[in-house]
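Grab a coffee and work through these short exercises with the viewer open. Try each task before you read its solution.

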Amino acid sequence: MKQFLKILAISVAVMVTGGVVAGCSSKEESTGAARPSTKRERNYMKDGKSLFDKQRYAEAEVNFKKALGENPDNARAQFNLASSYLKQRGEDLSNKGDSLIKQADQILATTAGNPDVELAELSFYDRGNIAYKGENYASAIEMYKNALRRNPENNQARENLRLAQLKKQEQDQNQDNNDKQDQNQDQNQDQQQQQQNQDQQDQNKDQQDQDKQQQQQQQQQQQQGGLSEQSAAQILKAMDDKESATRMKVEQMKQNQEKQSRQRQTGKPW
C-alpha cells in the first residue's frame, strides 16, 4: 500500500518538457552547422517559440519546419519541432502507434547525440517520458539516466527515474506471476495429457486382454467341437460294425436252417 501511494504521489512527474529551447545564435554555434544561420531562419525560430509559448503548437510546428527548410542541420529547430509534436498530443503519449509520437521520438534520438549538453539532456528526458508512457520502463530508465549524466541537478529526471524503476519492478513481478501461471497451466496440461495417455493405454490393454481371451475361448470351442465330431464318427462306425455283425449272424443262421431243411427232405421215410 505504501509503495502504491508513493507511485501515485510522484506519477505527476512524468510529463513532456514545458517549452522549447532558445533559438540559434547568429553563428549557429549550438547546431554544429558549417554555415551561419540566416535572418529568415532566426525569424522562423523566434515566431515558432512565441507561438509555442501561447500553446498554439500546430502553428509553431509550421514555423519550426520552415526554419529547418532554411537549415536542415538546425538541431534546436529539430528539438523544438519534436516538442511541438508531443505538445499536440498532450500528456497522453500511451498510443504506441501514433505517428506524431513516433516522429518526435525519431527526431529526439538524433538530437540526443548532439554535443550541446542542454539539448542532449532534454532530448533524453523527453525520450524517457515517451518510453514511460508506452510502458517500456527499461528504456525509460536508461533515458532518464542519460539525462542525469548530462545534468545531475535535473531533479525531475531523478524523480521520473525512481518512478520508472518502481513500475519496472511491478512489471517484472507481474510477468513472473504470469510466467508461473503459464508454467502451472502447462504442467496441468501435461499431467492431463499423461493421464489421458495412461487411460488410453489401459483401455488398449483391456481390449487386448479381451481379444486374447475371446481368441482362447474360440480355440477351446473349436478344439471341443473337433473331439465331439471324432467321437461321433467312432460311435457311428461302432454301430455300423455291430449292425453288420448282426446281419451276418442272422444270415448265417438262415443258411443253416435252409441246409437242415433240405437234408430232411432227401432222407428216407420211415
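A salt bridge here is a side-chain nitrogen of Lys or Arg within 4 Å of a carboxyl oxygen of Asp or Glu. By that rule, the structure holds 13 salt bridges. Keep in mind that this is a predicted model.

**Exercise 1: the fold**

Work out how many helices and strands the chain has, and in what pattern they run.

Solution. Start with the count: there are eight helices and zero strands. Next, walk along the sequence, and the pattern reads α-α-α-α-α-α-α-α. Helix 8 spans residues 155-266, and helix 2 covers residues 39-53. As for burial, 30% of the 270 residues in the chain are buried.

**Exercise 2: salt bridges along helix 8**

Find the salt-bridge partners of Glu159, Lys168 and Glu243, and say how each pair is spaced in the helix.

Solution. Begin with the general idea: side chains of opposite charge can pair when their charged atoms come close.

Step 1. Glu159 pairs with Arg162, with 2.9 Å between the closest N and O atoms. The two sit three residues apart in helix 8, about one turn of the helix. Glu159 is partly exposed at 26% relative accessibility, and Arg162 is partly exposed at 34%.

Step 2. Lys168 bridges to Asp172, again with the closest N and O atoms 2.9 Å apart. Because Lys168 and Asp172 are four residues apart in helix 8, about one helical turn separates them. Lys168 has a relative accessible area of 21%, so it counts as partly exposed; Asp172, at 32%, is also partly exposed.

Step 3. Glu243 meets Arg247 in a salt bridge of 3.1 Å, N to O. Both belong to helix 8 and are four residues apart, about one turn. Glu243 is partly exposed at 43%, and Arg247 is partly exposed at 47%.

**Exercise 3: a network**

Which residues are linked with Arg76 in a network of salt bridges?

Solution. Look at the acidic residues: Asp116 and Glu118 are linked with Arg76 in the network.

**Exercise 4: a glutamate in helix 2**

Decide whether Glu41 is buried or exposed, then find a polar contact of its side chain.

Solution. First, place the residue: Glu41 lies in helix 2. Second, check the cover: the relative accessible area of Glu41 is 1%, under the 20% cut-off, so this residue is buried. Third, look for a partner: the Glu41 side chain makes a polar contact of 3.4 Å with the side chain of Asn71.

**Exercise 5: surface patches**

Which residues form a negative patch on the surface, and which form a nonpolar one?

Solution. Take the charged patch to begin with. Asp176, Asp179, Asp182, Asp186 and Asp190 form the negative surface patch. One of them, Asp190, lies in helix 8 and has 46% relative accessibility, so it counts as partly exposed.

Now turn to the nonpolar patch. Ile235, Leu236 and Met239 make up this one, and together they have about 320 Å² of accessible area. Ile235 is in helix 8. Its relative accessible area is 51%, and the cut-off for exposed is over 50%, so Ile235 is exposed.

How values were computed: Residues numbered from 1 in each chain as written. Predicted model: local features only at pLDDT ≥ 70, side-chain atom pairs only at ≥ 80, totals over all residues. Heavy atoms only, no water. Patch = residues over 30% accessible without salt bridge, like charges linked within 9 Å, V, L, I, M, F, W, Y side chains within 5 Å. Areas by Shrake-Rupley, 256 points an atom, 1.4 Å probe, with all protein chains shown as cover. Lys, Arg positive; Asp, Glu negative; His and termini not counted. Charge placed at Lys NZ, Arg CZ, Asp CG, Glu CD. Buried < 20%, exposed > 50% of the residue type's maximum accessible area, 1.4 Å probe, protein only. Polar contact = N/O pair within 3.5 Å; in protein donor to acceptor, adjacent residues only side chain to side chain.
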